[in-house]
Amino acid sequence: IGFLAVACCTTVFVVGVAVGASDPNQPDIPSWLYMILIAVTLTVAAIPEGLPLCVTISLSVGCSDMVKENVLMRKIAAVETLGSASIICTDKTGTLTEGKMTCV
């Protein structure tokens, strides 16, 4: 099943590049890069064992984007922790809370 899923994702990648599919939100991104993202997404959906690889790749891409913006990172583990956050609580000014939520 794994080989069939990888073959299908490769076919989607090749057809997408041949057709010239582009991201509707960011049309300036090359077609091959957009189709790599689509193929990796399909692979993870079909084969859950590929998820750790995709998480590692997305964290490294995020870190390289942060370096381009001159963001200072002292501990790479903090970036990984932030990447696993599902809810970030802020007030109206954007100040992060202490991590304690109360209902009033």
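Helices here are DSSP runs of H or I at least four residues long, and strands are runs of E at least two long, numbered from the N terminus. The model is predicted.

Q: What pattern does the protein chain follow along the sequence?
A: Start with the count: the protein chain has 4 helices and 0 strands. Read from one end of the sequence to the other, that gives the pattern α-α-α-α.

Q: How far apart are the end C-alpha atoms of helix α2, and why does that agree with the expected span?
A: Helix α2 covers residues 31-46, which makes 16 residues. At 1.5 Å a residue the helix should span 22 Å, so the agreement is there: its end C-alpha atoms sit 22 Å apart.

Q: Which residues of α2 are buried?
A: Buried means under 20% relative accessible area. Across the whole protein chain, 13% of the 104 residues are buried. In α2, the ones to look for are Ser31, Tyr34, Met35, Ala39 and Val44.

Q: Which helix gives the largest share of the lining of the largest pocket?
A: The largest pocket holds about 250 Å³ of space. Among its 11 lining residues, Leu37, Val40, Ile57, Ser58 and Val61 are the closest to the centre. Both α2 and α3 (51-68) supply at least two lining residues each. The largest share, 7 residues, comes from α2.

Q: How many charged residues are in the lining of the largest pocket?
A: Sort the lining by class and you get 9 nonpolar and 2 polar residues. That leaves the charged class, and the lining has no charged residues.

Q: What share of the exposed area do carbon and sulfur atoms supply?
A: The protein chain exposes about 8,600 Å². Of that area, carbon and sulfur atoms supply 67%.

Definitions and conventions. Residues are numbered from 1 along each chain as its sequence is written. This is a predicted model: local features need pLDDT of at least 70, side-chain atom pairs count only at pLDDT 80 or more; totals for chains, interfaces and linings use all residues. Side-chain values use heavy atoms; hydrogens and water are left out. The expected span of a helix is 1.5 Å times one less than its number of residues. Buried means under 20% relative accessible area, exposed over 50%, partly exposed in between (1.4 Å probe, protein chains only). On a 1 Å grid over the protein atoms alone, a cavity is a set of points where a 1.4 Å probe fits but cannot get out, and a pocket is an open set with protein on both sides within 12 Å along at least five of seven lines; lining residues have an atom within 4 Å of a point. Grid points are joined across faces, edges and corners, and a volume is the space filled by probe spheres set on the points. Ala, Val, Leu, Ile, Met, Phe, Trp, Tyr, Cys and Pro count as nonpolar, Asp, Glu, Lys and Arg as charged, and the others, Gly among them, as polar. Accessible areas come from the Shrake-Rupley method with a 1.4 Å probe; for residues, only the protein chains shown count as cover.
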